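Please read the following account alongside the sequence and the model, taking the cysteines, the charge pairs and a charged surface patch in turn.

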Amino acid sequence: MNDHSTKVTAEQLRRDAYLYVRQSSLYQVAHNTESSRRQYDLRGRAVALGWPAEQVIVIDVDQGQSGASATDRAGFQRLVAEVSMGRAGIVLGLECSRLARNNADWHRLLEICALNRTLICDEDGLYDPCAINDRLLLGLKGTMSEAELHFIRARLQGGILAKAARGELAVRLPVGLVYDAAGAVVLDPDAGVRQVINHLFTTFEATGSATATVKAFAVQGLTFPGRHQTGPHAGELYWVPLRHDHALFVLHNPRYAGAYFYGRRRQITDIEGRTRTVVKPREEWTTLIPGAHPGYISWDQYEANQDRLAANAAAHGEDRKAGPPREGPALLQGLVVCGRCGNRMTVGYHARCDGTPVPDYACQREGIATGTPPCQSMCGSGIDAAVAALVLDTLTPLAMETALTVSAELATRAADADRIRAAGIERARYDADAARRRYLAVDPANRLVADTLEADWNHKLRELADAQDDYDRARQAGAGRLTAEQQARIRALAADLPTLWRDPATPARERKRLIRLLVTDVTLLKTDQHVTAHVRLTGGQHHTLTVPRPLRAWEAHTTPAATLTLIDELLAEHTYDETARILNDRGLTGGWGKPFTVPSLTALCKARGIPSPRDRLRAAGMLTLDEIAAQFDVTPATIKGWQRRGAITGRRVDGRRAYLYHPGQTRPPDRRSTRYRASRRTVGATCHDQVNATQTSSNPPTTSPGGAV
């Protein structure tokens with residue numbers, strides 16, 4: 001028997017008494033009222049032990065919370081805090097299971113109560129955690145409380161697991177599957193729902209990516225169904241744009257393959273009491289029964305979809321294996337393996353002068369982790385071209401068959417999208433007719449109901465008009481529909497797969513999908529002279545390709561040696577502007593592929609050590625304008641005048657009419673000298689006589705009949 005008089009002290013009576021009240025569920029709170037009354041009646045027990053009624057504090061904010069964990073139980077956390085600060089003289093509860101059903105939480109509370117000399121009281125008696133006997137008894141009660149929770153859960157779960165093992169446990173079905181009157185799982189009787197789900201699986205099979213499937217639905221303007229589970233519209237369908245998480249849920253769900261499963265997920269509680277849900281490996285599922293009910297796809301197709309999704313997800317893992325084909329031009333994205341360390345190589349891009357992106361393959365994972373240079377990196381344009389040529393040589397005999405299959409697939413997808421949009425119109429028309437019938441059936445005098453039904457009818461009519469507009473707009477735009485011209489073009493290109501491959505209208509993603517049909521991976525090893533690519537095909541065959549090492553940037557933009565030799569030869573006789581014009585006329589360009597200009601040619605000659613025309617003539621001894629003017633003791637203007645009259649000779653050295661003059665020339669005569677004036681008079685007389693002679697020969701003299709002139 002408990003001796004209450006010796007356990008309750010005056011120090012404890014000066015503190016407050018805390019009564020903890022809890023029920024495990026809201027159902028128990030609403031219906032198990034007797035248990036609640038018994039818990040609140042413990043206030044009288046505290047008063048009987050000596051605590052005033054005003055010092056009895058009731059903590060009942062945890063009603064409807066499970067005692068399996070202290071997480072999210074604000075009332076229990078407050079109780080522990082009050083005991084820790086020495087404010088509680090006694091803690092009351094109907095039984096220890098009210099306080100905690102977890103041994104860790106229960107013993108933590110006992111330890112704190114013992115440190116602060118706080119008593120614990122339940123319906124059976126009063127306990128002092130400082131006393132060893134009471135401590136042992138409280139510990140045993142806590143262990144029994146936790147075991148009781150386990151037994152209750154085991155009894156409840158046992159029946160559920162036994163029924164799930166037979167595939168008879170009714171669980172919530174995903175959209176597209178329903179229970180019939182007999183409780184069997186069947187496909188949704190709504191044809192529109194079935195068409196959309198079938199179209200999702202068909203689109204994923206064609207694109208190979210959940211993201212691409214969502215984009216295809218968005219381009220085609222298609223929506224995806226959902227079903228209200230609770231509320232006033234429970235069981236009704238609603239239509240929303242397809243989201244990526246919705247697509248993954250459908251693709252990962254075995255129910256769409258006709259398989260019954262249970263126990264695919266489990267809950268894990270961390271050290272802080274937080275619970276998270278994880279997906280278990282398939283071999284750890286509680287139940288998996290393939291072929292248990294009708295499905296939209298076969299089990300083999302479901303397995304293939306899981307393998308494809310796993311391969312796509314591997315692009316974000318540690319090894320970064322082949323992910324889904326992207327839009328970038330890197331043909332071997334996700335397939336390239338480093339020939340030195342064996343890690344997957346990443347893809348980068350750089351732009352050419354015209355803005356065209358060029359792929360680069362780099363093995364830099366270890367370099368990033370350790371701060372060291374990349375293992376190897378290389379330009380991928382030449383490698384992509386070599387692997388593409390290998391694939392085209394392999395696939396050319398099957399080109400016609402492949403193209404016809406693609407054409408039929410595109411036509412089928414376009415027809416499916418059109419049928420889905422048409423089903424949406426039929427569904428909207430039915431809803432509008434149903435709203436109309438409800439409105440006409442109501443008593444017109446009951447305006448409160450009639451107004452609501454009229455507004456609902458108008459809303460359904462607007463939805464019907466919107467659906468019809470979307471359908472007409474899609475048909476006019478030809479969304480997803482192949483025209484006769486497009487079909488003829490596909491058949492024309494089918495005979496020549498290389499032409500189809502190089503067609504600008506062919507997306508890079510489709511080229512990558514074609515590559516992955518044959519190529520498993522490509523191992524690259526770069527040397528100073530070339531790149532060796534070991535191509536491993538799906539069937540196990542191996543091909544080794546040798547590709548010239550891609551030129552470095554400075555090598556790719558270096559002017560050819562033959563062009564430099566020609567420039568050297570031309571500058572021996574021509575100026576920079578004349579040489580640039582000759583080179584451009586011959587179609588020659590510099591290292592950047594641009595026509596030559598005087599500044600670019602000048603810079604190139606300086607960089608390559610090619611002498612300029614001026615340097616060449618100066619080396620030959622020719623004189624500048626100032627030097628020859630000083631030699632003849634005249635001004636530079638006089639030299640220019642002599643050069644224009646041809647009295648002295650020179651060579652033009654640039655486009656600004658600058659000249660260098662030959663040495664050893666004789667000084668021309670001065671205009672002011674007697675000899676110069678005499679020579680000018682002689683030249684003038686000679687010219688006058690020549691003019692008179694010309695006039696005489698052109699106009700002979702006239703003679704008279706008598707012979708006189």
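A residue is called buried when its relative accessible area is under 20%. The model discussed here is a predicted one, and in it Cys113, which is placed in helix 8 (residues 103-115), counts as buried because its relative accessibility is 0%. In space, Cys113 and Ala88 lie 8.8 Å apart from C-alpha to C-alpha, with their positions 25 residues apart in sequence. Cys121 is likewise buried, at 1% relative accessibility, and Cys379 is buried with a relative accessible area of 18%. The count of disulfides comes to 0.

Side chains of opposite charge can pair when their charged atoms come close, and the count of salt bridges in this model is 20. One of them joins Arg37 to Glu34, with 2.6 Å between the closest N and O atoms; these two residues are 3 apart in helix 4 (residues 33-40), and so are separated by about one helical turn. Arg37 is partly exposed at 43% relative accessibility, and Glu34 is partly exposed at 46%.

Another salt bridge links Arg536 and Asp521, whose closest N and O atoms are 2.4 Å apart. Because Arg536 belongs to strand 19 (residues 530-537) and Asp521 to strand 18 (residues 519-526), the pair ties together parts 15 residues apart in sequence. Arg536 is partly exposed at 34%, whereas Asp521 is buried at 9%.

At the surface, Glu463, Asp466, Asp469 and Asp472 form a negative patch. Asp472 is found in helix 17 (residues 447-477) and counts as partly exposed, with 32% relative accessibility.

Conventions:
Residues are numbered from 1 along each chain as its sequence is written. This is a predicted model: local features need pLDDT of at least 70, side-chain atom pairs count only at pLDDT 80 or more; totals for chains, interfaces and linings use all residues. Side-chain values use heavy atoms; hydrogens and water are left out. Patches are made of residues with over 30% relative accessible area and no salt bridge: like charges are joined within 9 Å, nonpolar side chains (Val, Leu, Ile, Met, Phe, Trp, Tyr) within 5 Å. Accessible areas come from the Shrake-Rupley method with a 1.4 Å probe; for residues, only the protein chains shown count as cover. A salt bridge is a side-chain nitrogen of Lys or Arg within 4 Å of a carboxyl oxygen of Asp or Glu. Lys and Arg count as positive and Asp and Glu as negative; His and the chain ends are not counted. The place of a charge is taken as NZ of Lys, CZ of Arg, CG of Asp or CD of Glu. Helices (H or I, at least four residues) and strands (E, at least two) are DSSP runs, numbered from the N terminus. Buried means under 20% relative accessible area, exposed over 50%, partly exposed in between (1.4 Å probe, protein chains only). A disulfide is a pair of cysteine sulfur atoms within 2.5 Å.
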